[in-house]
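Here's a quick briefing to read alongside the model. Have the sequence and the coordinates open, and we'll go through it topic by topic.

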Amino acid sequence: MLHEALVNYHQEFLEEYWDKMGEQDDLTKTVETKKLKTLRLFGYQWTTFVDNFGYYKEIFLGFVHPFLKEKDFENQLVLEVGCGSGRPASVAASFGAEVVGVDLSEAVQTAQSLTEHYPLLHVVQGDVYALPFRPRFDFVYSVGVLQHIPDPQKALASIAGVVTPGQSLVLWVYGVRELWYQPIIWIRKITTRLPFGILRVISITLAALSELFLLIPHRILSRIPFTKKLAGKIPGRIYTRFPFRENVVGWFDRLGAPVTYYFSKIDVETMLDKAGFDDVQIIARPDASASWVVKARRSLA
């Protein structure tokens with residue numbers, strides 16, 4: 001009964017005291033359950049929200065700036081970990097890279113069909129905990145993935161195994177969120193349990209409300225000289241630059257992902273050090289909710 005109660009109601013406790021508890025086989029099933037829920041959510045997300053490639057170049061470059069620019073991809077062999085529907089990989093391929101995109105969810109089918117016009121883009125279904133590659137890539141990147149993996153440290157250890165020693169890994173991950181974000185963290189206790197169809201309706205509704213009460217005011221205030229500073233403090237302002245459907249995807253992602261971590265700068269540095277990376281550089285992503293753009297070198301030793 002104790003084990004069932006912990007599994008059902010106190011999964012955070014299990015994660016913190018994993019190595020001090022017995023019944024490891026049963027506890028492993030709990031982590032696998034989180035993994036399966038994550039696969040289902042993102043499998044649905046990236047097979048449902050697919051009409052969103054045309055404007056993604058700006059978003060992608062924002063995730064990797066200043067560590068990667070368009071010219072850095074030309075004639076390079078790169079790996080994307082967690083390719084989803086293929087949006088980032090398609091941008092990287094358009095820059096002239098040969099791209100291998102890996103994902104475990106059913107979204108690989110969408111990615112394959114939506115990116116087949118790029119002959120040097122290869123989609124592979126594989127597990128981030130056991131990546132099926134040798135370390136031969138010029139660099140590896142992953143955007144918006146690590147924070148949703150049940151065991152990010154294990155994932156980084158696996159990624160380290162496919163990064164050529166001396167070469168780079170570039171990440172974009174969530175940071176510790178601002179105070180205004182706390183209600184979203186609270187309501188996730190409910191929304192992560194909802195059927196995907198209902199969650200989609202809620203996401204559309206919240207995107208519409210944020211458009212009305214946040215984005216439209218931002219557009220107005222940013223055009224008035226003495227209110228520009230105030231406009232720069234409005235949450236979610238980055239979505240003023242993109243179509244409404246991107247705002248919907250954002251809400252679906254933040255409300256539905258079964259696992260979401262919010263990393264401090266020290267968290268990121270520590271995880272990368274344990275995984276065998278050095279020369280870690282971390283900067284805050286500008287004009288967006290708290291998040292980190294990270295570059296690290298695979299240790300030579």
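Helices and strands here are DSSP runs, at least four residues for a helix (H or I) and at least two for a strand (E), numbered from the N terminus. With that numbering, Pro66 falls in the loop between helix 4 and strand 1 (77–81). Keep in mind that this is a predicted model.

**The chain as a whole**

- The chain's secondary structure adds up to 12 helices and seven strands.
- There are 301 residues in the chain, and 47% of them count as buried.
- Take the contacts between residues at least 6 apart in sequence: 68% of them join residues at least 24 apart.
- About 15200 Å² of the chain is exposed, with carbon and sulfur atoms supplying 58% of that.

**Helix 4 against helix 5**

- Helix 4 (residues 56–64) and helix 5 (residues 87–94) have axes that come within 10 Å and cross at roughly 90°.
- The two helices are therefore roughly perpendicular to each other, since 65 to 115 degrees is the range for that label.
- On the helix 4 side, the contact is made by Tyr56, Lys57 and Phe60; helix 5 brings Arg87, Pro88 and Val91.
- Sorted by class, this contact of helix 4 with helix 5 has four nonpolar, no polar and two charged residues.

**Helix 5 itself**

- How many of the eight residues of helix 5 are buried? Seven are, so helix 5 is largely enclosed by the rest of the structure.
- The buried residues of helix 5 are Arg87, Pro88, Ala89, Ser90, Val91, Ala92 and Ala93.
- Just after helix 5 comes Gly96, with a positive phi of about 105°.

**Helix 8 against helix 11**

- Helix 8 (residues 182–191) packs on helix 11 (residues 244–256) at an angle of about 75°, and their axes are 8 Å apart.
- That angle makes helix 8 roughly perpendicular to helix 11.
- From helix 8, Ile184, Ile187, Arg188 and Thr191 do the touching; their partners in helix 11 are Trp251, Arg254, Leu255 and Gly256.
- The class count for the contact of helix 8 with helix 11 is four nonpolar, two polar and two charged residues.
- Lys189 is also part of helix 8, and Lys189 is exposed, with a relative accessible area of 59%.
- Lys189 and Pro258 are 69 residues apart along the chain, and their C-alpha atoms are separated by 9.3 Å.

**Backbone oddities**

- As background, most residues other than glycine have a negative phi, and most peptide bonds are trans.
- Which way does the peptide bond from His65 to Pro66 go, cis or trans? The bond is cis, with omega near 5°.
- Asn75 isn't a glycine, yet Asn75 has a positive phi of about 65°.
- Asn75 sits in the loop between helix 4 and strand 1, and Asn75 is exposed, with a relative accessible area of 64%.
- Asp279 isn't a glycine either, and its phi is positive at about 50°; this residue is in strand 6.

**Two buried loop residues**

- Is Thr227, in the loop between helix 9 (196–221) and helix 10 (228–231), buried or exposed? Thr227 counts as buried, at 11% relative accessibility, because the cut-off for buried is under 20%.
- The Thr227 side chain reaches the backbone oxygen of Leu221 at 2.6 Å.
- Ala288 belongs to the loop between strand 6 (277–284) and strand 7 (291–298), and at 17% relative accessibility Ala288 counts as buried.
- Leaving out neighbours within four places in sequence, Ala288 is in contact with Glu178, Arg237 and Ile238.
- The C-alpha atoms of Ala288 and Gly236 are separated by 6.8 Å, with the two positions 52 residues apart along the chain.

**A lysine in helix 7**

- Lys154 has its place in helix 7 (residues 152–160).
- At 44% relative accessibility, Lys154 counts as partly exposed.
- Lys154 and Lys274 are 120 residues apart along the chain, with their C-alpha atoms separated by 10.0 Å.

Technical notes: Residues are numbered from 1 along each chain as its sequence is written. This is a predicted model: local features need pLDDT of at least 70, side-chain atom pairs count only at pLDDT 80 or more; totals for chains, interfaces and linings use all residues. Side-chain values use heavy atoms; hydrogens and water are left out. Axes are lines fitted to C-alpha atoms, for helices over the stretch in contact, and angles run from 0 to 180 degrees between N-to-C directions. Angles under 35 degrees count as roughly parallel, over 145 as roughly antiparallel, 65 to 115 as roughly perpendicular and the rest as oblique. Contact means heavy atoms within 4.5 Å. Ala, Val, Leu, Ile, Met, Phe, Trp, Tyr, Cys and Pro count as nonpolar, Asp, Glu, Lys and Arg as charged, and the others, Gly among them, as polar. Buried means under 20% relative accessible area, exposed over 50%, partly exposed in between (1.4 Å probe, protein chains only). A polar contact is a pair of N or O atoms within 3.5 Å; within protein, one must be able to donate a hydrogen and the other to accept it, and residues adjacent in sequence count only if both atoms are side-chain atoms. Accessible areas come from the Shrake-Rupley method with a 1.4 Å probe; for residues, only the protein chains shown count as cover.
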